[in-house]
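User: I am new to this structure and would like a close look at a single part of it, set in its surroundings. Please take your time and connect the pieces as you go.

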Amino acid sequence: MSITNMTEKELANMIDHTLLKAYAKEEDFSKLCQEAADNHFKMVAINSSAVKTCKKYLEGTSVSVGAAISFPLGQTTIETKVFETENAIQNGADEIDYVINIVELKNRNYSYIEDEMKQIVEVCKKNYVTIKVIFENCYLSREEKVFLCRTALKVRPDFIKTSTGFGTGGATVADVMLMKSIVGDHIKVKAAGGIRDLEAAMKMVEAGAERIGTSSGVKIMQEYCEFIKKR
């Protein structure tokens, strides 16, 4: 899909409107949710402690609430991640984005990575909640990215995701293309990290991303409207 044949609604419905700053205040979450509702974004992406707050603000809208689990390092135990996932769902989360344990991946503890993914996916599927697995590609070799994609094909999360946005690098077109080339239409790809304008967002979509994580969603929609006016 490209910008030339995408409607405003289609683009908005691909955006996860993001606020993951450590110092966000209540008024920031209120603004985030209002922007998401006004622009008809797919989801607000927040840390799990803010789920109840955002669920309240978004009541009566079509916008989902997404909780980031073990964010941004992924360095908590499987049991802790499962508990945080369950707690976020109990508090109203409609979607979960969890960070893999990169240390265990680097240790080639592949059974651990698969077990972690299985347990978290199982909790989400049981509760009819969308589940996304964050790779944090900036720290990974091509071999490690391929392994994670193939593991995802076995476990079947709804999405695999490029980045947290807190690492040394964010989404790249090359990574999105690699991930999509392996998982095909079986799993969707979310691009996140460093996507700050319409041009960057559309490059990710054209590479195969079906969801965009960004704190610049409002700007992207404004740029899209300007683009359409000039056509």
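In which loop is Tyr128 found, and what do the strands and loops around that place look like?

Analyst: This is a predicted model, and everything below is to be read in that light. Tyr128 is found in the loop between helix H6 and strand S5, where H6 covers residues 110-126 and S5 covers residues 130-134. Although Tyr128 is not a glycine, its phi is positive, at about 55°. Most residues other than glycine have a negative phi. The side of the chain on which this residue sits is open, because Tyr128 has a relative accessible area of 78% and is therefore exposed.

The strand that follows offers a contrast in its surroundings. In S5, 4 of the 5 residues are buried, so the strand is largely enclosed by the rest of the structure. On one side S5 is joined to strand S4 (residues 95-99) by 5 bridges, and these two strands run parallel. Within that pairing, Glu95 has Thr130 as its bridge partner in S5, while Tyr98 stands opposite Val133. S5 also pairs with strand S6 (residues 159-161), again in the parallel sense, over 3 bridges, and here the bridge partner of Lys132 is Phe159 in S6. Between S5 and S6 the chain passes through helix H7 (residues 142-155), and this β-α-β crossover is right-handed.

Going back along the chain, S4 is enclosed as well, because 5 of its 5 residues are buried. In a regular strand the side chains alternate between the two faces of the sheet. In S4 both faces are covered, with Glu95, Asp97 and Val99 buried on one side and Ile96 and Tyr98 buried on the other. S4 is in turn joined to strand S3 by 4 bridges, with the two running parallel, and Ala68 has Asp97 as its bridge partner in S4. The passage from S3 to S4 goes through helix H4, and this β-α-β crossover is right-handed.

These pairings belong to a wider arrangement, a closed barrel of 8 strands that runs S1-S2-S3-S4-S5-S6-S7-S8 with parallel pairing. From one strand to the next, the twist averages 25°. Strand S1 (residues 15-19) pairs with strand S8 (residues 211-214) in the parallel sense over 3 bridges, and Asp16 stands opposite Gly213 in S8.

Two other loops have backbone features that can be set beside that of Tyr128. Arg108, which lies in the loop between helix H5 (102-106) and H6, is not a glycine and yet has a positive phi of about 60°; with a relative accessibility of 51%, Arg108 counts as exposed. In the loop between S3 (64-69) and H4 (78-90) there is Pro72, and the peptide bond leading from Phe71 to Pro72 is cis, with omega near 0°. Most peptide bonds are trans.

A last point concerns the cysteines, since a search of the whole structure finds 0 disulfides. The cysteine sulfur closest to that of Cys33 belongs to Cys54, and at 3.7 Å it is too far for a bond, given that a disulfide requires two sulfur atoms within 2.5 Å. Cys33 is buried, with a relative accessible area of 2%, whereas Cys225 has a relative accessibility of 26% and counts as partly exposed.

Conventions:
Residues numbered from 1 in each chain as written. Predicted model: local features only at pLDDT ≥ 70, side-chain atom pairs only at ≥ 80, totals over all residues. Heavy atoms only, no water. Buried < 20%, exposed > 50% of the residue type's maximum accessible area, 1.4 Å probe, protein only. Pairing = 2+ DSSP bridges. Right-handed = clockwise from strand over helix to strand, strands pointing away. Axes fitted to C-alpha atoms, helices over the stretch in contact; angles between N-to-C directions.
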